[in-house]
Amino acid sequence: MKFKLNIVALALATVSTGAAAFDFGVTASQAKAQNTSWKCTKCISNQQVLGSVTLEAGMQDSKDAHSANSLRYTDGFAVGLDADTVIMDKGYRTQLYSDGLGSEQALAKIKTGRLGQWSMEAGYQTSHQYDADNAQSRWQAKDGVLIKQDGLKTQELALERQKFTLGADFSHNRFGTYVAMSSEDKSGKLRGSMSNGNLDAINIAAPVDYTTQNLRAGVNLKGDNWFAELGYNGSWFDNNIDKLSIEQPGYADAAQAVDNQAHFISLMGNYIFDRSYISGRIASGNMSQEGDFITLSGVAAGNHGANAEVETLDANVKFSTRVMKGLRINASVDYSDRDNTTDVHDYEQVSIDGVTGELVQNTPYDTTRSAYKVSANYQLMAGQRIEVGFDRIETERSHQDREQTDDNIFWAQWRATGFDMWDLRVKGSYADKGGSQFLYDDAVNAAEDQLMRKYYLADKKSSKAEVFVTHTPTDSIAISAHGYYSLDDYSNSSIGLIESNSYGFDLGLSWQVTADLLLSSDGGYQWLDNEQTSARSNYIGYWEADTNEEFGFVGAGFTYSGLSDSGITIGGDYSFAISFSDSYVDGNDVFGMYESSSHHANLYVNYAVSQQVIVGLRYEFEGYEDSDDTQLPVDYYPGTGPTGLTTLGLLDHDYKAHLVMATLQYRF
């Protein structure tokens, strides 16, 4: 029986409003308005009320709703509430917390209970993710039907999430129990497409209307050196739009994500010996989906729905022991089995080249994965430690091009903290992936596009190296550096991905210039390069492709408290992020480049009117720009784009957004 949480959501709506803080921008603000003093909201005090409440209000100025992903407010008047307050009363503790309540991405929750015995918690989150507010289409969705309009209509591509949570726990002596539930609604529009199965395709603003519910519960017992817990985890996904229909001749309905649910029961525990530790977990579950076909065309008689079911079994055991002074041995075994018990039926086969007229059967895939890991941690001398390990992962798959793959991974790391003013760590690994013979002959197989997507089954040799360095030349300066390199070599592959490598670095600096002035900065850059090739058996149409991506960031910030005697604190930060992506086929840049950049600045000043009241002013700026050479206008000249494609228009961003907020904080 499906368990609904709508009543819970209605109950929570009466006690809290607000939403969860998600950051969907290229870069996030590195600092909000900060305060010179700090109070512990979890400490026991003679005071009955601890913490603070902050109200902020102001204006946001932007011509693009995308700016709210970073600044948290849309164009116009803005108001938000932050709170972190604890009320203590005769052993009872109540905490009120909110983050950006009233903004586009915010959170509010309340938790109350008796210390060490029981507690209850309720929360409400909401978040908005803005993609584009200038999508152009002649079709507009009403429920699951795309109705043709007289002309182009501007539509907003954005998603809204609303999530209610409720939880409780109880403990007495060695016994404990807990329950937690949530209900999340996701609605809005996102980029989608529909095709007539031939050359014509239409990009659409596809409607979204999902509901996801989760329930966790468990009971546990504990002793002086052991712990055991029996738990349950369940989830339900409901799609209120089962299909999309479009008012356009020749276009069939498009099925959407099917309703599904999952249930898991687990038993876990651990035991601590004198110098050893062992823990384990076993979980059995069932995942299923139920949904009627939107059409019975091409479906064998007697089959009316896309019903599927998978039985799961997961288990792991971990063991750690100190065999001698300075030497610890760790070992673990993980097992995972996915048994697909879905019924097999005949279906008419459809490919991009049309209908073959032949019947095929759906294939229920089974997967079994076993992982064995062992490692040793040894202290070479004071302040130096080395760790080495070996992992083996065995995976078996049914009805796939390769039934078995084996991964052997060797890794080691060395860390030194005993050097004066230096903290060093070096880590490296080597992995070799092999397995059984492939079950197809690529010399005669014409489905090149399908073979290129099988790279995850191919033989692979991987090498990785990382270096971490922290240096404190003086008590007031700290410098950090991180460099990394990885290479995946598909040496035995003659089609698809044959090589992939990633390398980059991160740098950081913190400098306490004076007792009143703190400066900080960081930056980094990453390169990703991939090489692909077509089937070498077809030299007439042979091609090679390279994909190159780059990501970089740099930032700096300061805090000045030299005017603290007057109650004034000043601070700010600036960050810049950039990314590139480009692809070349036989040396030609046929797709163009995608690039994006973001500037973000934040400046604030706070004035302490008294020990309890602080007023402040904050200014934030974001300059964001991206461009994608593959985007096309809704209507374009023949030869300048793919034949038969109708797009949503040019959805690039190029804006400058400003946010000015006045703050009022009261401290208890």
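Start by selecting Asp401 and Lys454: these two form a salt bridge, with their closest N and O atoms 3.3 Å apart. Keep in mind as you click around that this is a predicted model. Asp401 sits in the loop between strand 19 and strand 20, while Lys454 is in the loop between helix 3 (448-452) and strand 22 (460-474), so the pair ties together parts that are 53 residues apart in sequence. Lys454 counts as partly exposed, at 26% relative accessibility.

Stay in that loop and pick His399, which is also found between strand 19 (384-397) and strand 20 (404-416). Check its backbone: phi is near 60°, a positive value in a residue other than glycine. Is His399 buried or exposed? It counts as exposed, because its relative accessibility is 54%.

Now hop to Met421, in the loop between strand 20 and strand 21 (422-435). Met421 is not a glycine either, yet its phi is positive, at about 75°. With 35% relative accessibility, Met421 counts as partly exposed.

Back to the charged pairs. The whole structure has 15 salt bridges, so there are others to visit. Try Arg72 and Asp99, whose side chains meet at 3.6 Å, N to O. Arg72 is in the loop between helix 2 (68-71) and strand 2 (76-89), Asp99 is in strand 3, and the two are 27 residues apart. Arg72 counts as buried, at 15% relative accessibility.

While you're at strand 3 (residues 92-101), select Thr94, which lies in it. Its side chain makes a polar contact of 2.8 Å with the side chain of Thr112. Show what else is around, leaving aside neighbours within four places in sequence, and Thr94's contacts include Val86, Ile87 and Ile110.

Next come Arg191 and Asp131, another salt bridge, at 2.8 Å from N to O. Arg191 belongs to strand 7 (residues 175-195) and Asp131 to strand 5, so this pair ties together parts 60 residues apart in sequence. Arg191 is partly exposed, with a relative accessible area of 42%.

Last stop: the largest nonpolar core. Select Trp139, Ala141, Leu146, Met194, Ile202, Ile204, Ala206, Ile241, Leu244, Ile246 and Tyr251, 11 residues in all. Strand 5 (118-142), strand 8 (201-222) and strand 10 (243-246) each supply at least two of them, and strand 8 gives the largest share, three residues. Zoom in on Leu244: beyond its neighbours within four places in sequence, its contacts include Met194, Ile204 and Ala206. Apart from this core lies another, of eight residues, among them Tyr73, Tyr655, Ala657 and Met661.

Conventions
Residues numbered from 1 in each chain as written. Predicted model: local features only at pLDDT ≥ 70, side-chain atom pairs only at ≥ 80, totals over all residues. Heavy atoms only, no water. Core = buried A, V, L, I, M, F, W, Y, C linked by side-chain atoms within 4.5 Å. Buried < 20%, exposed > 50% of the residue type's maximum accessible area, 1.4 Å probe, protein only. Helix = DSSP H or I, 4+ residues; strand = E, 2+ residues; numbered from the N terminus. Contact = heavy atoms within 4.5 Å. Polar contact = N/O pair within 3.5 Å; in protein donor to acceptor, adjacent residues only side chain to side chain. Salt bridge = Lys/Arg side-chain N within 4 Å of Asp/Glu carboxyl O.
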